[in-house]
Amino acid sequence: MAELKPTFIIAEAGVNHNGDLKSALALVDAAVAAGADAVKFQTFKTEALVSKSAKQADYQTENTGQEQSQYDLLKSLELSDLEHQTLIEHCRQNEIEFMSTAFDSDSIDLLSTLGVARWKIPSGELLSVPYLRKIASLNQPTILSTGMGNLEEVQLAVTTLFNAGLHVSNLTVLHANTAYPTPYEDVNLRAMKTLREALNVPIGLSDHSLGIEVPIAAVALGASVIEKHFTLDRTLPGPDHKASLEPQELASMVSSIRHVELALGSGEKSASLSETANIAIARKRIVASKSISKGTVFTEENVTLKRSDTGCFATEWDDVIGQVAQRDYFAEEGIEP
């Protein structure tokens with residue numbers, strides 16, 4: 001299992017394979033090419049997840065273009081146990097971490113049996129106490145999404161996890177909004193700070209907005225985990241494709257996040273190695289503004305500040321003014337008493 005980097009980037013394939021193993025394998029390849037740390041799918045037994053009469057979410061109906069039950073939609077998107085094994089082996093061969101969100105107890109058991117050792121709790125299970133307790137009992141790295149939840153509900157979920165055996169060092173909490181896509185005005189990145197201060201655990205973002213700007217900004221604000229949906233083709237039929245990145249966009253997001261990580265730096269304010277050489281070029285020095293004879297007092301009338309190869313730096317101005325020239329100086333010659 002890969003260790004968390006400064007920002008652990010999860011390429012969320014979800015159900016964008018449309019139930020086809022070849023597409024799922026191609027999604028793994030795209031995540032690898034983009035440089036993601038993990039590729040994540042969704043594991044569920046439709047019968048255990050949803051009743052046959054449950055309606056689709058509005059965005060699912062809009063994105064699929066058809067009216068059907070959640071049951072029928074999800075049944076078409078299931079991956080078999082054998083397909084999970086194939087995906088895990090493909091991830092292993094390509095050195096990317098396989099992850100999957102388990103949506104029911106049997107699916108937790110399946111993933112555990114298959115050796116999955118990092119867990120992602122989806123927003124919809126934020127208040128599912130038995131579910132939370134089962135994940136917590138494994139006491140393995142766990143990422144909790146908090147879409148639709150208020151702070152009190154998130155605190156309740158976290159307390160439930162801790163009370164059921166999850167160690168605080170194994171928890172990361174993601175701010176999330178479950179609208180697909182999320183309007184920018186509803187993203188509320190500052191909620192990450194609220195979660196960090198209230199929970200004192202690492203925080204991150206599960207992002208469903210369009211484009212790559214929001215996750216990049218989240219990293220600048222301290223996100224340690226970024227989760228972002230991606231697809232092979234945004235025009236494919238299915239519930240999540242339209243709000244997903246295409247492979248090149250995913251690669252751009254990963255690259256941009258890595259650049260931001262470097263740009264955040266240590267926080268120490270000092271000249272960087274790359275700009276040290278500019279000090280002698282860009283900072284002004286004390287030079288003669290006219291010819292100065294030996295024995296003349298340096299004044300604001302005969303010395304000035306200019307960029308120069310010689311002379312005291314401007315910080316010594318007050319020390320130079322009032323001194324007596326120990327030799328002759330020509331105009332623009334650096335003053336070095």
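**Warm-up.** Is Y329 buried or exposed?

*Solution.* Buried means under 20% relative accessible area. Y329 has a relative accessibility of 5%, so Y329 counts as buried. Please keep in mind that this is a predicted model.

**Exercise 1. Find the ring partner of Y329 and describe the pair.**

*Solution.*
- Step 1: the structure holds three aromatic pairs. One of them is formed by F41 and F98, and we will return to that pair below.
- Step 2: the ring centres of F298 and Y329 lie 5.8 Å apart, and their planes meet at 70 degrees. Planes over 60 degrees apart count as edge-to-face, so that is the name for the pair of F298 and Y329.
- Step 3: F298 sits in the loop between β9 and β10, while Y329 belongs to the segment after α13 (317–320). The pair therefore ties together parts that are 31 residues apart in sequence.
- Step 4: F298 has a relative accessibility of 1% and counts as buried. Y329, at 5%, counts as buried too.

**Exercise 2. Classify the pair of F41 and F98, and say which strands it links.**

*Solution.*
- Step 1: the centres of the two rings, F41 and F98, are 5.9 Å apart, with 20 degrees between the planes. Planes under 30 degrees apart count as stacked, and the pair of F41 and F98 is stacked.
- Step 2: F41 is part of strand β2 (residues 38–43), and F98 is part of strand β3 (residues 97–102). The pair thus ties together parts 57 residues apart in sequence.
- Step 3: both F41 and F98 are buried.

**Exercise 3. Follow K40 to its salt-bridge partner, then to the network around it.**

*Solution.*
- Step 1: side chains of opposite charge can pair when their charged atoms come close. This structure holds 15 salt bridges.
- Step 2: K40 meets E227 in one of them, at 3.8 Å from N to O. A salt bridge needs a distance within 4 Å.
- Step 3: K40 lies in strand β2 and E227 in strand β8 (residues 225–229), so this pair ties together parts that are 187 residues apart in sequence.
- Step 4: K40 has a relative accessible area of 1%, so it is buried. E227, with 2%, is buried as well.

**Exercise 4. Which helix holds both R92 and E89, and how exposed is each residue?**

*Solution.*
- Step 1: R92 and E89 form a salt bridge whose closest N and O atoms are 2.4 Å apart.
- Step 2: both residues, R92 and E89, lie in helix α5 (residues 81–93), three residues apart, or about one turn of the helix.
- Step 3: R92 is exposed, with a relative accessible area of 55%, whereas E89 is partly exposed, with 32%.
- Step 4: to complete the network from Exercise 3, salt bridges with shared partners join E12, K40, K120 and E227.

**Exercise 5. Compare the burial of E78 and K75.**

*Solution.*
- Step 1: E78 forms a salt bridge with K75, with the closest N and O atoms 3.3 Å apart.
- Step 2: buried means under 20% relative accessible area. E78, at 19%, therefore counts as buried.
- Step 3: K75 has a relative accessible area of 36%, so K75 is partly exposed.

**Exercise 6. Locate the backbone features at N18, N200 and P181.**

*Solution.*
- Step 1: N18 is not a glycine, yet it has a positive phi of about 55 degrees. N18 is in the loop between β1 (8–14) and α1 (21–34) and is partly exposed, with a relative accessible area of 26%.
- Step 2: N200 is not a glycine either, and it has a positive phi of about 55 degrees. N200 is in the loop between α9 and β7 (203–207) and is exposed, with a relative accessible area of 66%.
- Step 3: the peptide bond from Y180 to P181 is cis, with omega near -5 degrees. P181 falls in the loop between β6 (171–176) and α9 (191–199).

**Exercise 7. Which residues gather in the patch of negative charge on the surface, and where is E301?**

*Solution.*
- Step 1: the patch brings together E300, E301, E316, D318 and D319.
- Step 2: E301 is in the loop between β9 (285–288) and β10 (303–306).
- Step 3: exposed means over 50% relative accessible area. With 60%, E301 is therefore exposed.

Conventions
Residues numbered from 1 in each chain as written. Predicted model: local features only at pLDDT ≥ 70, side-chain atom pairs only at ≥ 80, totals over all residues. Heavy atoms only, no water. Patch = residues over 30% accessible without salt bridge, like charges linked within 9 Å, V, L, I, M, F, W, Y side chains within 5 Å. Areas by Shrake-Rupley, 256 points an atom, 1.4 Å probe, with all protein chains shown as cover. Salt bridge = Lys/Arg side-chain N within 4 Å of Asp/Glu carboxyl O. Lys, Arg positive; Asp, Glu negative; His and termini not counted. Charge placed at Lys NZ, Arg CZ, Asp CG, Glu CD. Helix = DSSP H or I, 4+ residues; strand = E, 2+ residues; numbered from the N terminus. Buried < 20%, exposed > 50% of the residue type's maximum accessible area, 1.4 Å probe, protein only. Phe/Tyr/Trp six-rings, centres within 6.5 Å; stacked < 30°, edge-to-face > 60°.
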